[in-house]
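Dear colleague,

Please find below the structure for your consideration. My notes on it follow.

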Protein chains: 2
Amino acid sequence: MNNLRRIDLNLLVTLHALLMEKHVSRAAQRLHKSQPAVSHSLASLRAIFDDPLLVRRTGKLELTARANELLPLLTEALHQLGALIDLPAFDASQAKRVFRLAMSDYGARVVLPGLVRRLRSDAPGIDLQVSQGSRAAMLAGVHDGEIDMAFGVFQAPLSDELRTHTLFIEHFVCAADKNTLPQTGHLEKTEWLSRPHVLVAMQSGENNEIENALQREGVNRRVAMTLPHWGVASRVVANTDLILTAARRSFDLFQEDSPLQLFVPPYPIDPFAFNMVWHSRRESDAGHNWLRQAIIGTLIQGEDGQQTGG
Amino acid sequence: MNNLRRIDLNLLVTLHALLMEKHVSRAAQRLHKSQPAVSHSLASLRAIFDDPLLVRRTGKLELTARANELLPLLTEALHQLGALIDLPAFDASQAKRVFRLAMSDYGARVVLPGLVRRLRSDAPGIDLQVSQGSRAAMLAGVHDGEIDMAFGVFQAPLSDELRTHTLFIEHFVCAADKNTLPQTGHLEKTEWLSRPHVLVAMQSGENNEIENALQREGVNRRVAMTLPHWGVASRVVANTDLILTAARRSFDLFQEDSPLQLFVPPYPIDPFAFNMVWHSRRESDAGHNWLRQAIIGTLIQGEDGQQTGG
DNA sequence: CTTAAGTTATTCATTCTACGAATATGGAAA
DNA sequence: TTTCCATATTCGTAGAATGAATAACTTAAG
């Protein structure tokens, strides 16, 4: 494909006209050019392909073997380019269609509010069907076409047919009742470890970046409570000495009168990439593209509004 | 495809570089152009596609939905064009391959001598396997891929997947022993009808242009002998009062000391088109193309050497 | 808020080249 | 040969692509 840089692609359009017409003057007419111009192009093409391409035979011009070989390939390729150029732009406001998304409740919390607002205003005809499943199940669904897009934490090297886009990098923050914290608004390692903790886990036994981080440091914390509901977790902490360490975006941020105080964990916890995954066959699906773009857009817009101090 | 004329296709190469790099300056570098040049191209592309294509987002350029939609299609189409350009020319002298041809003995008589000579000198590695069959069987063979090319008299509208090329238009001539003909060297209608005739027919009951012509005129001739062997037929006529009416090219022309005299039939007989037929899927097969071209070439070259006076 | 760094857009003078008018050349037919 | 028709060539020119310089943005840092 590098060689495309070396030649003038417009010559190929002229070549196509020439091979179809088998007549320089008529090809020129068809191209709205002069006969000498097309003759020039033909000379260039002959040099490029190192073949006469058109030869006189009993008065008429006929295709050489090489030209015969080129014609069908050329026709096909140019048709593709032609289709590309007047590909109609996707009109989201008129689109009527259902997309099937798969995500955890955390994903839903992060992705859906902004997206749904966007859909209602810009694409009222687009509906969503959200399902939930294990990472493997979601990927299988995407692969089989039962799911249009999956969201979550997926390890980078997926199947060749799957495409990934990192929507954002998520960090962990801690939350505790304001009244239980010192003036500084955060806890040092020892104080942090001495308090009881709440763990939010979709599935028990799933990869847990928090425990990994503590293990690396050679310390232990007491998990007084485990639950799978992000939204409930932050409410549980209020008016207790419990500490919740969870993905930043799982908190209702900037909530007035919140009894909770957020702070950076005293032990560094690996952030994780939250990804969107789809099948490569959907790459050229205008609607699918639009939705992906919309999701990316709403998440970036939401970024500012959800920014914490750190 | 008409719209391809309206835009500069080279812009699409630039577009591809831009979408791949997501970076104007790097795209320029990849294309060995300056940054302003690519920026200009980007402006043109934005006008053409009526879409920003690349937008700033947290510092980096990102693809719009439209661009995302275009990228895979564009990549595909440009790959095709790239492959087209450095398609290696077919090297007949090195080619090693077998072609399966189907033709009648008349076809063999006309096509093979010149073709085989050409193959031995220019493409010694190309072998031929010639088979014979009814018209329908030959066409079926071509259709199913068991036969690479078929030769014969085929009615114009064949299957959509089949391609036809008329190799030449064949006329009928008469032959008789020189000693049985008047000084003029030819026979008038009554004399011609009064003599016994030889009919060459591949299959009895096949379309017969000669009898058709006579029937149109409302006359009848006596066929004293029918045989399917073109080569033998002309030898049979020598030293008899028989008249042979057959395709011009079936005679060994310009044969010295031939006892036969050729002359134009007194009744006009419809000429027929002798065609080559192949499957459209072979259109872009370099070797197949070369052979077709070789066949056309040898038949045209042979044309002069076989020309009779009329 | 200001400055600095990095990137894209714009301007404009220059260079190139694709273009077409005129014409030469070639090939087939009469 | 001449005539006709089609392609190739020549060459001056108009218009487009190009890039140096620079403006305008955007983000990040001080």
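Which element gives the most to the surface near DNA strand D? That element is H3(A), with six residues.

The model is predicted: local features need pLDDT of at least 70 and side-chain atom pairs count only at pLDDT 80 or more, while totals for chains, interfaces and linings use all residues. Residues are numbered from 1 along each chain as its sequence is written, chains are lettered from A and ligands numbered from 1 in the order in which they are written, and side-chain values use heavy atoms, with hydrogens and water left out.

**DNA strand D**

In total, 19 residues surround DNA strand D, the closest being Val24(A), Ser25(A), Gln35(A), Arg46(A) and Ser34(B); a residue is near a strand if one of its heavy atoms lies within 4 Å of it. Of the atoms of this strand that come within 4 Å of the protein, 51% belong to sugar and phosphate.

Several polar contacts (pairs of N or O atoms within 3.5 Å) may be noted. A polar side-chain atom of Ser25(A) lies 2.6 Å from a phosphate oxygen of DNA strand D, and one of Gln35(A) lies 2.9 Å from a base nitrogen of that strand. From chain B, a polar backbone atom of Ser34(B) is 2.9 Å from a phosphate oxygen of DNA strand D. Two or more residues of this surface come from each of helix H2 (24-30) and H3 of chain A and H3 of chain B; helices are DSSP runs of H or I with at least four residues, numbered from the N terminus.

**DNA strand C**

DNA strand C is surrounded by 18 residues, and the closest are Ser34(A), Val24(B), Ser25(B), Gln35(B) and Arg46(B). Here H3(B) gives the most to the nearby surface, with six residues. Sugar or phosphate supplies 54% of the strand's atoms within 4 Å of the protein, and bases supply the rest.

Phosphate oxygens of DNA strand C lie 2.8 Å from a backbone N or O atom of Val24(B), 3.1 Å from a polar side-chain atom of Ser39(B) and 3.4 Å from a polar side-chain atom of Lys33(A).

**Chain A**

An unreviewed UniProt entry lists residues 7-64 of chain A as "domain: HTH lysR-type"; such annotations may be inferred rather than shown by experiment. This span is 59% helix and 14% strand, a strand being a DSSP run of E with at least two residues.

An automatic or database assignment divides chain A into domain 1 (2-85), domain 2 (97-169 + 273-305) and domain 3 (172-270). The centres of domain 1 and domain 3 of chain A, taken over C-alpha atoms, are 69 Å apart.

Yours sincerely

Terms used
A polar contact is a pair of N or O atoms within 3.5 Å; within protein, one must be able to donate a hydrogen and the other to accept it, and residues adjacent in sequence count only if both atoms are side-chain atoms.
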